[in-house]
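Here is a short note to be read alongside the model, set out as numbered points. Please keep the coordinates open while going through it.

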Amino acid sequence: MGLAPHTDTFLLTILHQSQTTGLQIFKEGSGWVPVHPDPSALVVNIGDLFHIISNARFPCVVHRVTVNRTHQRYSVAYFHGPPVDYVVSPFSTTVLDNKSGVRFRAVTVKEYIAIKARNLGEALSLIST
Ligand SMILES: O=C(O)CCC(=O)C(=O)O
Ligand SMILES: [Fe+2]
C-alpha cells in the first residue's frame, strides 16, 4: 500500500497526479473506485475541517493510494487550511438547516491535528457532540 486509507485533515486538498493510476476513493456500496489521472484536471478533495464547518453536510471521502510495481507514479498535493490557532466549528447557518443540531464541538486546528495524530480514523467521532 502506498498510502493507507484516510481522509484529508484540512479544508481542501488540491492534487495533481501523474499518468499512473493508484489513487482510489471508497464509495459506499461499490468499494474502492479508482480516480484515473486526467492531465487536464486537478483533484479537489474535501477535508475533515470542511466536513466540520459544514456540520457534516459535505462528506470527506476516504481514499488510499496503491503502489504500482511497473510504473513510477508521483503526485503533488496542496493542503489548504486556516492557521493553527483558528477555531473551527459548524457554521450557524448549516446548523440551522440541519435538524440534527450541532454535530461537532469547537476545536482549534492545532487541537484537531493532535487528536487526529493520536487517533487516525477516529478523530471526527471524538469531537462529535
Ligand atoms: O498521491 C495521491 O494521489 C494522494 C495523496 C494523498 O491522499 C495525500 O497526500 O493525502
Ligand atoms: Fe489524502
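1. The model is a predicted one, and a good place to begin is the set of strands around ligand 1: β1 (3-6), β6 (63-65) and β7 (75-80) each contribute at least two residues to its shell. The full list of surrounding residues reads L3, H6, D8, L15, L23, H63, V65, R73, S75 and F79.

2. Sorted by class, that shell comprises five nonpolar, three polar and two charged residues. The space that ligand 1 takes up is the largest pocket.

3. Three side chains deserve inspection for their polar atoms, each being paired with an oxygen atom of ligand 1. For R73, an N or O atom of the side chain is 2.7 Å from an oxygen atom of the ligand; for H63 the corresponding distance is 3.0 Å, and for D8 a polar side-chain atom lies 3.1 Å from a ligand oxygen. Ligand 1 on its own would expose 300 Å², of which the protein buries 86%.

4. Which protein atoms serve as donors to the iron ion (ligand 2)? They are NE2 of H6, OD of D8 and NE2 of H63, lying 2.1 Å from the ion, and along the chain these donors follow the spacing H-x1-D-x54-H. Because H6 belongs to strand β1 and H63 to strand β6, the pair ties together parts of the chain that are 57 residues apart in sequence.

5. The two sites should be read together, since D8 and H63 recur: both are listed among the iron donors, and both also appear in the shell of ligand 1, as does the remaining protein donor, H6.

6. As for the overall fold, the chain holds four helices and nine strands, arranged along the sequence in the pattern β-β-β-β-β-α-β-β-β-α-β-α-α. Its C-alpha atoms fill a box of roughly 50 × 30 × 25 Å, taken along the principal axes.

Terms used:
Residues numbered from 1 in each chain as written. Chains lettered and ligands numbered in written order. Predicted model: local features only at pLDDT ≥ 70, side-chain atom pairs only at ≥ 80, totals over all residues. Heavy atoms only, no water. Near = heavy atom within 4 Å. Polar contact = N/O pair within 3.5 Å; in protein donor to acceptor, adjacent residues only side chain to side chain. Areas by Shrake-Rupley, 256 points an atom, 1.4 Å probe, with all protein chains shown as cover. 1 Å grid on protein atoms, 1.4 Å probe; cavity = no way out; pocket = protein on both sides within 12 Å on 5 of 7 lines; lining within 4 Å. Sits in = over half its atoms within 2 Å of the grid points. Nonpolar A, V, L, I, M, F, W, Y, C, P; charged D, E, K, R; others polar. Donors = N, O, S within 2.8 Å, 3.2 Å for Na, K, Ca; no water.
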